[in-house]
Amino acid sequence: MEVTMGVLTNLRDDALTRAVDAITELIEASETIKQKEDYIMRFSEQMIYVKDLLVKLKPHQSMAADSDFSSDSILRSLLERVETEFNKAREVVNQYRASRCPRIFLYRSVLDKLEQSSKEIYHILRLLNFAQLNYALNINAKAKAIYGKSKERKRASKDGDLAEQVVEQKYELVSEPVDERLHNHIFAETSNSGSSSPSPRTSPSSPSPRTSFDEIGIPPYYFFCTLTRKLMEDPVYVPCGHIFEREAIEDYFSQGKKLCHLCKEELSSTEILELTPNIWLRNFILEWKEKNAQIMADLNARKKLTDLSRRITKEDMKSTNDALQEMQVLMIETPCCIKETTGSSSNLIGKLTDLLKYKEANTIAVLGCLLRIARFSDGNKEKIGRSGVIQWLLNESKTVRYALELLLELSENDKVAKKIGGTKTSIATLVTLLNKVDVAETSRNVLHNLSSNLKFTTMMVNAGYCIPFLEQFNAHGSSEEDRVSMLKELAEIPLNETAANNLENESFIGTLTKMLSCNSHSSKSASLKCIKKMLAFEGLRTRFLMNERTTIPALLSLLKDDTAEQQCTHDALELLLSVAQTSQNLELDNEPAVFHELFSRDNIQELLEKIKTFANPKNKILLLQLLLELFQKSDASGEWILFESNAMSPLFSALVADENSEVRMYALKVLYRIARQHSTDIPLPTFPTKESIVSSFVAILTDGNRKIEAISAAAGIIGHLPTGDQSIDEILQTSNVLKALEDLMSYENRSNELQENALGALLRCTKHSKLEFLIQVSKLLPTLVQLLSTGSPLAKKCTALILDNLAQSQASSSSSFQRLSLHRKAWMKRGAACSVHGSGCAQRLVCLVTAKAVQPLVDMVGIMDSGASEAAFSVLDTLFGTDCDSNATSAAILESRGAWQILDVLERGALPVRFRALDLLGKIYNHPSFPSDKLKRFEGVLFSLQNSSEAELKSKAKVLLIELVSKTS
Ligand SMILES: [Zn+2]
Ligand SMILES: [Zn+2]
């Protein structure tokens, strides 16, 4: 037996030597080819490693020898096979080298052949692996090293298809874990069974070796019968425990060979050979065959895919499109042909995505293939994502359904989703597609996949699609912190109308409002910022203010919280301000209760007090703006303030003493708003002193460098200062004030409001005035008379009242009067005495007759429903004074068509002016120039007044009627 062993070992060594020689030649042949043919170089490099492996087999001979005898003979046959393969490969290389035709034509066939050789070689190496299990571990390590090297090279070079494929496939197989249990099992069965009695029936209970041949293309050696060297179909045990193909061992036995082929033990002592079927091994082989058939089919499909991939070329679009069609069918029918995009299939992705640039290419087929490749694995998705195809897909997704489908598939991968979301206008495009019925669902799913990224979710809101944002925000799992960061993102983006509509979500708004009153500063501030943004939209604003009755109270309490951070206070103020600014529509009957709170006396009083406590001028200004808005929006809100003189103290203090000029300015605006809104005088507080307050207004009024609005506002307030206070009068009645008011009245672009303010202030100054001041005012007479015709009703009224004040001032013999007289004469061109005052005219402060004020005053009488008419009556009345000729006055009034005007007022005017009219008519109807037709009408009116419910008017009219009737009859 030892001799036999020795012979066999020699034979095996010979085989090894020949194989090494063959590969050496192959390598030499490959290396003579020019560097240019890279793939051959790579093939050759791989062969060097294979050679290395083979050479290393020798030192392990001893190890091989102690294993089973059969493995040696198999090893030898395998080595012979590998030698043949090496020779074939060398033949290919040699032919290639010798060929005269352009190498490009040979390229493909050489490539194919070498690839075939590589496959064969690694298959055989695989068998070597199993034949020499101990040694396999070394091959394994070596193969890993090769794989590692090849990976490095792959990074350096892109076109090393073949070499890489060879190495990778080799690695794939060799690195597969060797199932130790299987190994032990097989060897235990074959070696131990020799001495002990065979126990084949217990074998099937052995652990299943299934895992060991996943993806195995080559059967393990123990599947082969050592007699036939073929795969066994019906493996049987002989008594010594060795296994053979039933037919083979029966033949062997029938030929008279009575000893076991392997161990030389007697097979049977009789003529009958006792065989026990190895069911376990038979099933094992069957299973392998089945599996292998599947693997082969898969391999074929992969090979077909590789072939089709080669047919894709930009040069021949027709062939390319045919290949694409086939490829798509192949991918649908045999999805397993797609694999992880390593090696050549990554090129396939490149080729396919590249084709999308060509109009002639069958885009649908390309997308169909890409879709299936993407579906295969995350790695593939990422590769497609990296190929720069996303923008194209987005652009086409409106029209090409498959483009969107592919996007959806790609977006399943987080990395690619991030890329898609980051592509310019992607989200806006996808959101637009939500409106297209046929693709809406797919687009929604893509967006859903993108929504794991907060930025993208917010961008969707920006594009008008809010569902993912709201879902995440409202999710129970969302923490306060999550919500805060969502709100922060939301605050950064612009909102449009659609988005605003979609954000009208009860739960969202409820949570936002709740966050306003929570303890966390960041929640408060984030919520404030978002609400601020949303109030710009009617629908959202209504939601916040009408339905969420907590918003305004929360904001107010935030404002009144002294511990709140300045920024929060600031935001709350801004919010309330914008609420107030846009609330005109809400001040109707359906105005919610929260608004009452905002405009309530208690609230405004608290806000006024806050002016004192706010340290930050910006916040002070906002607060004043808010107050201004509140007073502007609601008349009622300021009413009580006129009876609560100290409520305004903070406003006056700010006006008088605040360091910030803008704060002072806004305090002025608020005060002006209050003053203008109410016709009564505004009360001054006990602090600051009235002198300092009035001086402040005067200072503003007389400061020519100020804005005209400020000056006008100061004048407006001065017009409402309390009367009858000597110290106030003294401050006001100065030539500076008068000069400023005069300037204001003649201001070029004056508005009615400005003129009314100036006249109001002038009127206030002429009340209880010293003569000296009135003399100065009287210089303005021409301007004032003109205003009687040109001013607004309110301006006319003020002017008339000023004239009333001037006309009632009696002459005195002061020296100042002398000066005045001279002055007056200067502007009265003729300087003659008038008919009404006679010679006394020159002694008067003003003369309304010579100033031509009678006509405009008579005209003013007809301005009903305002104080103007009454004021005009009042002024006209001064012309019936004791020093006046009432006959001349009547004539002057009648000349100005007064009969007609006054009768009109008597007929249709308000009650107080009807008294006035009746009074005046009583004074003038006796005059000869009173028109007779008007007299008739007067009689008629007096008559009809007898039916009046107003007793006093009725009796006055009755007296006049009797007088009139007695006179005419
Ligand atoms: Zn045997
Ligand atoms: Zn006069």
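Which spacing do the donors of the zinc ion (ligand 1) follow along the chain?

## Zinc site

The structure is a predicted model. In this model, the donors of the zinc ion (ligand 1) follow the pattern C-x1-H-x17-C-x2-C along the chain. C240 lies in the loop between β1 (235–237) and β2 (243–245), and C260 lies in the loop between α9 (246–254) and β3 (276–277), so this pair ties together parts that are 20 residues apart in sequence.

Coordination of the zinc ion (ligand 1) is provided by C240 (SG), H242 (ND1), C260 (SG) and C263 (SG), at 2.2 Å. The angles among the four donor atoms run from 105 to 115°, and the site is tetrahedral. Both C240 and C260 are buried.

## Overall architecture

The protein contains 50 helices and three strands. Of its 969 residues, 51% are buried. Among contacts between residues at least 6 apart in sequence, 70% join residues at least 24 apart.

The accessible surface of the protein is about 45,100 Å², and carbon and sulfur atoms account for 51% of that area.

## Aromatic pairs

The model holds eight aromatic pairs. In one of them, the ring centres of F223 and F284 are 5.3 Å apart and the ring planes stand at 75°, so the pair is classed as edge-to-face. F223 is located in the loop between α8 (180–192) and β1, while F284 belongs to helix α10 (residues 279–311); the pair therefore ties together parts that are 61 residues apart in sequence. F223 and F284 are both buried.

A further edge-to-face pair is formed by F469 and F508, with 6.2 Å from centre to centre and 85° between the planes. F469 lies in helix α21 (residues 467–474) and F508 in helix α24 (residues 506–516), so this pair ties together parts that are 39 residues apart in sequence. F469 counts as buried because its relative accessibility is 0%, and F508 is likewise buried, with a relative accessible area of 0%.

## Aromatic cluster

F223 and F284 also belong to an aromatic cluster, in which they are joined by W280 and W288.

## Annotated repeat

An unreviewed UniProt entry lists residues 648–681 under "repeat: HEAT". In the model, the chain over residues 648–681 is 76% helix and 0% strand. The C-alpha atoms at the two ends of this segment are 13 Å apart.

Technical notes. Residues are numbered from 1 along each chain as its sequence is written. Chains are lettered from A and ligands numbered from 1 in the order in which they are written. This is a predicted model: local features need pLDDT of at least 70, side-chain atom pairs count only at pLDDT 80 or more; totals for chains, interfaces and linings use all residues. Side-chain values use heavy atoms; hydrogens and water are left out. Helices (H or I, at least four residues) and strands (E, at least two) are DSSP runs, numbered from the N terminus. Buried means under 20% relative accessible area, exposed over 50%, partly exposed in between (1.4 Å probe, protein chains only). Contact means heavy atoms within 4.5 Å. Accessible areas come from the Shrake-Rupley method with a 1.4 Å probe; for residues, only the protein chains shown count as cover. UniProt positions are given in the numbering used here, feature names are shortened, and annotations may be inferred rather than shown by experiment. Donors are N, O and S atoms within 2.8 Å of the metal (3.2 Å for Na, K and Ca); water is not among the atoms, so sites may look incomplete. Four donors count as tetrahedral if all angles lie between 85 and 135 degrees; four count as square planar and six as octahedral if opposite donors are over 155 degrees apart and all others between 65 and 115; anything else is irregular. Rings of Phe, Tyr and Trp (its six-membered ring) pair if their centres lie within 6.5 Å; planes under 30 degrees apart count as stacked, over 60 as edge-to-face and the rest as tilted.
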